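Trainee: Got a minute to walk me through a new model? I'd like the helix packing and the cysteines.

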Amino acid sequence: LFIKWRKITDWVLDTVEKFPKSVRFTISSKIAEMTLTVVELIIEAIYVKDKRHILEKINLYMEKLRVFFRICYERKYISISQFEYICIEIDEAGKMTGGWLKSLKKE
């Protein structure tokens, strides 16, 4: 999950840098901030004993990012191919997070 999210983070940071200046301090910075928060939460989940709460937070942030990217697509800040790409990547990361959560239930 960490490696997957690092790839997503690189793409997101490169992409939001190209958003119009008018949204640089609103949606652009919010998306970058949420993406970096997920990185922090993944690191926390790797090292703490009680992971469930952190993994649920990661899922919540991923859902928020899906919504924000839909807004970006609708406002034409990203293309359809960029929107499809990030949706697929976030979905894959979400499945990894869900798998991690399921593995905790078995313990």
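Mentor: We'll take the helix pairs, then one residue, then the cysteines. This is a predicted model, where local features need pLDDT of at least 70, side-chain atom pairs count only at pLDDT 80 or more, and totals for chains, interfaces and linings use all residues. Residues are numbered from 1 along each chain as its sequence is written, and side-chain values use heavy atoms, with hydrogens and water left out.

Trainee: At what angle do α1 and α2 cross?

Mentor: Roughly 165°. Helix α1 is residues 2-16 and helix α2 is residues 27-47, and their axes come within 10 Å. Helices here are DSSP runs (H or I, at least four residues), numbered from the N terminus. Axes are lines fitted to C-alpha atoms, for helices over the stretch in contact, and angles run from 0 to 180 degrees between N-to-C directions.

Trainee: So what does that make α1 relative to α2?

Mentor: Roughly antiparallel, a label for angles over 145 degrees.

Trainee: Left-handed or right-handed crossing?

Mentor: Left-handed for α1 and α2. That means the near helix is turned anticlockwise from the far one by less than a right angle.

Trainee: Which residues of α1 meet α2?

Mentor: F2, W5, T9, V12, L13 and V16. Their partners in α2 include I31, L36 and I43. Contact means heavy atoms within 4.5 Å. By class, this contact has 13 nonpolar, three polar and no charged residues. Nonpolar covers Ala, Val, Leu, Ile, Met, Phe, Trp, Tyr, Cys and Pro; charged covers Asp, Glu, Lys and Arg; the others, Gly among them, are polar.

Trainee: Next pair. How do the axes of α3 and α4 cross?

Mentor: At roughly 165°, coming within 10 Å. Helix α3 is residues 52-74 and helix α4 is residues 80-106. They are therefore roughly antiparallel, and their crossing is left-handed.

Trainee: What classes of residue make up that contact?

Mentor: It has 14 nonpolar, three polar and six charged residues. Among the α3 residues are R52, E56 and F69, and D91, W100 and K105 are among those in α4.

Trainee: Switching topic. Is T15 buried or exposed?

Mentor: Buried, because its relative accessibility is 8%; buried means under 20% relative accessible area, with a 1.4 Å probe and protein chains only. T15 sits in helix α1. Leaving out residues up to four places away in sequence, T15 touches I78 and Q82.

Trainee: How many disulfides?

Mentor: Zero. A disulfide is a pair of cysteine sulfur atoms within 2.5 Å.

Trainee: Why no bond for C72?

Mentor: Its closest cysteine sulfur, in C87, is 11 Å away, too far for a bond. C72 also counts as buried, at 0% relative accessibility.

Definitions and conventions
Helices (H or I, at least four residues) and strands (E, at least two) are DSSP runs, numbered from the N terminus. Angles under 35 degrees count as roughly parallel, over 145 as roughly antiparallel, 65 to 115 as roughly perpendicular and the rest as oblique. Buried means under 20% relative accessible area, exposed over 50%, partly exposed in between (1.4 Å probe, protein chains only).
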